[in-house]
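Hi,

Here is the structure I promised to pass on to you. Have a look at it first, and then read on for what I found when going through it.

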Amino acid sequence: MTTTLVDVHLTEADLEEQLRADVASGLAAHPKSLPPKWFYDERGGELFEAITRLPEYYPTRTERALLVRAAPEIAAASEATTLVELGSGSSEKTRLLLTAFAEHEGLEMYVPQDVSESSIRLAADALAIEFPDLPVRGVVGDFTDTTASLPRAGRRLVAFLGGTIGNLEPGPRAAFLHGVAGALDPGECLLVGIGLVADPPVMIAAYDDAEGVTAEFNRNVLHVLNRRLGADFVPHMFDHVALWNAADSWIEMRLRARRAMRVHIPAVEIGVDFAAGEELRTEISAKFTLDAFGRELAAAGLDPARTWTDEAGRFSLVLARRRR
């Protein structure tokens, strides 16, 4: 039976402190913004799962298809004995890698990282049925600052899937890649899923579906602030906006106030004014070219080794190796 150990580097109290700090600074900024990680309470998770099944939202199914095709090659090329997954969630797509590693007969440990200890333990319980002899060592923390705390057992492959790296602006993204490279030993690997620059209408539709599921997901961050901080946002008074920012090469999701209003947030002791039509940015999703992303990896000390891209040229898996 799978053995599960969990290292906790982020507590619920830490998360609450981060939320208050992000809200206080983000809603005082010009323009206003919030980090996308606050979408994900239980309802937010359910809405995102629904988004991944929408016809417009191609990233999840495209990445999964690439993993089906590439997983055996990834296992062979990385020669890893420990698989680390950043932002693991339910570890659903990782099962494809775990299966490939099982067939390759080289994996000795799986290390899921997530902000939720319960998510890690639930995933480990499910994996125990499929991979009963695979030890699991979870890491509870934020992927942006726990790379130095990752277990150093065996030869590691760090997987960062879902295009999540696109949620980071260039400065934090460079810092993250440098952090991963610094945590890896020479020859160890990073596997990243990245969205590629495609036709703007196709990209925008993926974040603004016809059924309005993404709109509800976007507004869910306001429900989170109401519930956790006692705020008095009226979510339906904000319209969902998705647009392509060509200058920065990313999709932006915003919430646009339908009328002028003042919102009170007792837990951080602030009142926030919104003008009619004012927008609050809730997420970016950067899209890349392979050449540009290769330069970012190289600048961090990571050498691109293998790439797998779908036929439409919308998504890639990139395997990079820590420079010797």
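F39 and F217 are both buried. Please keep in mind that this is a predicted model. The rings of these two residues form a tilted aromatic pair, with 4.4 Å from centre to centre and 35 degrees between the planes. F39 belongs to the loop between β2 (32-33) and α2, while F217 is part of helix α8, so the pair ties together parts that are 178 residues apart in sequence. Both rings also belong to one aromatic cluster, which includes Y40, F48, Y57 and Y207 as well.

That brings me to α2 itself. Its buried residues are G44, L47, I51 and T52. They span an arc of only 145 degrees around the axis, which means that they sit on the same side of α2. As for what lies over them, the cover includes α3 (58-78) and α8.

Next, the nonpolar interior. The largest nonpolar core has 43 residues, and those touching the most other members are V23, L27, L225, F233, F238, I265 and F274. At least two residues each come from α1 (12-26), α2 (42-52), α7 (200-206), α8 (213-229), β8 (238-245), β9 (250-257), β10 (261-265) and β11 (270-274). Helix α8 gives the largest share, six residues. If you would like one residue to start from, try I265: leaving aside residues up to four places away in sequence, I265 touches V23, L27, L229, A231, F233, I270 and V272. Another core, of 30 residues, lies apart from this one, and I165, F176, I284 and A300 are among its members.

Now to the sheets. One is an open sheet of eight strands with mixed pairing, in the order β1-β5-β4-β3-β6-β7-β14-β13. At its edges are β1 (4-8) and β13 (302-309), each of which pairs on one side only. On average, neighbouring strands here are turned by 20 degrees against each other, ignoring direction.

Within that sheet, β3 (residues 82-86) and β4 (residues 109-114) are parallel and share five bridges; V84 has V111 in β4 as its bridge partner. Helix α4 (residues 94-104) lies across β3, β4, β6 (156-160) and β7 (189-195), and runs at about 175 degrees to β3. Helix α9 (residues 290-299) packs on the sheet too, where it touches β7, β13 and β14 (315-322), with its direction at about 150 degrees to that of β13.

The pairing of β13 with β14 is antiparallel, over seven bridges, and D303 stands opposite R321 in β14. These two strands make a hairpin with five residues between them, and G313 in the turn has a positive phi of about 70 degrees.

There is also an open sheet of four strands, again with mixed pairing, in the order β2-β12-β9-β8. Its edges are β2 and β8; each has a single partner strand, so one side of each is left without a neighbour in the sheet. Inside it, β9 and β12 (residues 279-286) run antiparallel and are joined by seven bridges, with E283 in β12 as the bridge partner of M253.

Happy browsing, and do write back with any thoughts.

Best wishes

How values were computed:
Residues numbered from 1 in each chain as written. Predicted model: local features only at pLDDT ≥ 70, side-chain atom pairs only at ≥ 80, totals over all residues. Heavy atoms only, no water. Core = buried A, V, L, I, M, F, W, Y, C linked by side-chain atoms within 4.5 Å. Buried < 20%, exposed > 50% of the residue type's maximum accessible area, 1.4 Å probe, protein only. Contact = heavy atoms within 4.5 Å. Arc of directions from axis to C-beta. Pairing = 2+ DSSP bridges. Axes fitted to C-alpha atoms, helices over the stretch in contact; angles between N-to-C directions. Phe/Tyr/Trp six-rings, centres within 6.5 Å; stacked < 30°, edge-to-face > 60°.
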